[in-house]
Amino acid sequence: MVILMIATIIRTFIIYCVVSLCVRLMGKRQLGELQPGELVITILISEIAAIPIEDNTVPIINSVIPLMLLVSFEIINSLIDRKSVKFRYLTEGKPVTIIRNGELLQKELKALRFTINDVLSGLRQKDVFDIDDVQYAIVETNGTLSVLLKPDKRPATPKTIGKTEKDTGMPCTVVIDGKIIESTFRDCGITKDEVLRKVERETGNIDNILLMTVDKNKKHNIILKKEN
Amino acid sequence: MKRLVIAILMLVISIGIGVSSLIFVKKACNKAIQGLDGILQGAVTENKDEVNRLAVQVNKQWEKEKFLLNILIGQGETNEIKKTLDIILYFTQIRDYESVILFSEECKGDLMNIIVSNEPNLSTIL
């Protein structure tokens, strides 16, 4: 019984490592937005990985080989997708416009087997409550809805009201949990010495810092650790 | 490009493992069948030294290959064969040649079954 339990633990660990590696190899896109093929691969991976964990008599290699094959097929498939538009359309389909200038394209809806409730729900999730406000609504290949509002319904931006805003860029994380993250220095144009000087001036000890960000204009924000 | 190389490498490794495991299983089973044939011949002629030597040899050989066979075809089938080989060895030692013949035939049948089920043909694949 003990041996069986140890075997299960080891087998589960091996499968965990293989599946983690597979998901990592398939890339970040896999985790965010699933295309039809990727959804199939994800379901298959979870199914195949579960078999040797549940049943100790099934050789682990019977799972590892299909997992490796699925991942290699997926990588090769996505690389061909990038090279060939025709192949991409074949495997992923095309985005479909379902609203044009406030008009619902019922023929397209029927082809997608979308109900009017699906459309209304998708629009509401984009903070749109009136179909008439929409210039274009497009169902993407991964099933999400992209919405472009009519020009008079779009939110105002500094440019539309004739104002100019100072570009602060993206705040870069330079210190996390008291550790300096040098890889972000180039993005915000700062040096390690400058960071250390700011730290010295503000807190005296870098170990007290939970998070420190710096933007393009060298404006910093520091969050200190709180003692419980 | 790096991913493509990894993908192709994984594809080749998977196919390599698949093909080499088929060859390994077939070879191990054939070797055991050969040994069992020798045991059967020896048992018919009641050549006790030959039967004893071959029974020990087949047992040892199976024990040696058990680790990889366990990984490739599963513990169930491998242990079943090992159990039968142990019984054959026992009957060889007490010189019960009728039982040796009976169990050798049974063991051969099991080994043939493993070979056939690992044979790469369309019906097995589908």
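Student: What area is buried between chain A and chain B, and what percentage do carbon and sulfur atoms give?

Tutor: Happy to start there, with the reminder that this is a predicted model, where local features need pLDDT of at least 70, side-chain atom pairs count only at pLDDT 80 or more, and totals for chains, interfaces and linings use all residues. Side-chain values use heavy atoms, with hydrogens and water left out, residues are numbered from 1 along each chain as its sequence is written, and chains are lettered from A and ligands numbered from 1 in the order in which they are written. Buried area is the accessible area (1.4 Å probe) that two parts lose on being put together, summed over both. Between chain A and chain B this comes to about 1400 Å², and the part from carbon and sulfur atoms is 78%.

Student: Which three residues supply the most of the area that chain A buries against chain B?

Tutor: One trio supplies 34% of that area, more than any other three residues. The three are Leu25(A), Ile61(A) and Met68(A).

Student: Which element gives the largest share of the side of chain A that touches chain B?

Tutor: Contact means heavy atoms within 4.5 Å, and by that rule chain A brings 18 residues and chain B 16 residues. Helices (H or I, at least four residues) and strands (E, at least two) are DSSP runs, numbered from the N terminus. Two elements of chain A give two or more residues to this side, helix H1 (2–26) and helix H4 (61–83). The largest share, 11 residues, comes from H4(A).

Student: How many salt bridges and polar contacts does the interface of chain A and chain B have?

Tutor: A salt bridge is a side-chain nitrogen of Lys or Arg within 4 Å of a carboxyl oxygen of Asp or Glu. A polar contact is a pair of N or O atoms within 3.5 Å; within protein, one must be able to donate a hydrogen and the other to accept it, and residues adjacent in sequence count only if both atoms are side-chain atoms. For salt bridges across this interface the count is 0, and for residue pairs in polar contact (both at pLDDT 80 or more) it is also 0.

Student: Now the sheets: what is the order of the open sheet that helix H7 of chain A packs on?

Tutor: Helix H7 (residues 116–125) touches S1, S2, strand S3 (134–139) and S4 of chain A, and its direction makes about 65 degrees with that of S4(A) (axes are lines fitted to C-alpha atoms, for helices over the stretch in contact, and angles run from 0 to 180 degrees between N-to-C directions). Two strands pair if DSSP finds at least two bridges between them, and strand S1 (residues 96–100) and S2(A) pair over 2 bridges, antiparallel. The edge strands, each pairing on one side only, are S2 (103–104) and S4 (145–149) of chain A. The order is S2-S1-S3-S4.

Student: Which residue of S6(A) is the bridge partner of Val175(A)?

Tutor: The strands S5(A) and S6(A) run antiparallel, joined by 2 bridges. Their hairpin has 2 residues between the strands, and Asp177(A) in the turn has a positive phi of about 50 degrees. Val175(A) also stands opposite Met212(A) in S7(A), while in S6(A) its partner is Ile180(A).

Student: Which residue takes a positive phi in the hairpin of S7(A) and S8(A)?

Tutor: S7(A) and strand S8 (residues 220–224) run antiparallel and are joined by 5 bridges, with Thr213(A) opposite Asn221(A). Between the strands lie 5 residues, and the one with a positive phi, near 65 degrees, is Lys218(A).
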